[in-house]
Amino acid sequence: MCVAPVAQCAAEAEQTDLQWLSAHEAHRVAHISAPLRRSQFLAGHWLARQALSAFAGAAAPQLWALAANAAGAPTVLGHPHLHLSLSHSADWVVCAVSDAPIGVDIEAPARARDWARLAPTVFSTAELKSAEGLDAADALQYFYRVWTLKEAWFKSRGEGLALERLAALHTQAMPIGQGNARVWQAEGVTLALIASADAQVVGEGWMATAPSWWQVGAV
């Protein structure tokens, strides 16, 4: 898994001729008018190629071709055995690559969400009870943990986020080294990864902190 600042990755991508973009990607980026959204797209798809090269131990980043499935999830052309997940939020972009299903989501909100209004849609019954009694700061942290875990779960299945299905998923804290998910929270950023417990994660800075472990699945 690779995590990097959007500005850094976008600048690296812009220094190339962008000929590494597949026809699908070139079409999408040509229709992005918002500068930040364009930077996020280029940063994510350039970081994905770097992650693929690092994982596979071969091929220059420019040689990978990406597309998307019917739900919009990224796919690696010519390599159906490789699984890829991308996410970006504000100034951060993250990419995860594996030879097994994997999902990642990052949230770095510029302003706090009204978690109490969203909770009935996002939380399972047990999660609603867990949120009761938490102070405002802890409740918000808990909301972002649950949100990112569930969005990463959908991504690991190659599906788009389905709001009507969020409450039917449940997250449960697990002992270290157990479960199908991990969460990092630091410096206003929440990052969730859905992957097997033995999946190796290398990170720097706040990513080098120990994650909390979770199990995510249908209620």
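## Pockets and cores

The second largest pocket is lined by 15 residues, with M1, F55, V97, S98 and Q200 lying nearest its centre. This is a predicted model, where local features need pLDDT of at least 70 and side-chain atom pairs count only at pLDDT 80 or more, while totals for chains, interfaces and linings use all residues. Numbering runs from 1 along each chain as its sequence is written, and side-chain values use heavy atoms, with hydrogens and water left out.

A quick word on pockets: on a 1 Å grid over the protein atoms alone, a pocket is an open set of points where a 1.4 Å probe fits, with protein on both sides within 12 Å along at least five of seven lines, and lining residues have an atom within 4 Å of a point. Volume is the space filled by probe spheres set on the points.

For the second largest pocket, β5 (92-98) gives the largest share of the lining, four residues.

| Pocket | Volume | Lining by class |
|---|---|---|
| Largest | about 560 Å³ | 12 nonpolar, nine polar, eight charged residues |
| Second largest | about 280 Å³ | 13 nonpolar, two polar, no charged residues |

Nearest the centre of the largest pocket you'll find G72, P74, L86, S87 and K155.

Now the packing. The largest nonpolar core (buried Ala, Val, Leu, Ile, Met, Phe, Trp, Tyr and Cys joined through side-chain atoms within 4.5 Å; buried is under 20% relative accessible area, 1.4 Å probe, protein chains only) has 22 residues, and V122, F123 and L149 touch the most other members. Helix α6 (136-156) supplies the largest share, nine residues.

Methods. Buried means under 20% relative accessible area, exposed over 50%, partly exposed in between (1.4 Å probe, protein chains only). Helices (H or I, at least four residues) and strands (E, at least two) are DSSP runs, numbered from the N terminus. Ala, Val, Leu, Ile, Met, Phe, Trp, Tyr, Cys and Pro count as nonpolar, Asp, Glu, Lys and Arg as charged, and the others, Gly among them, as polar.
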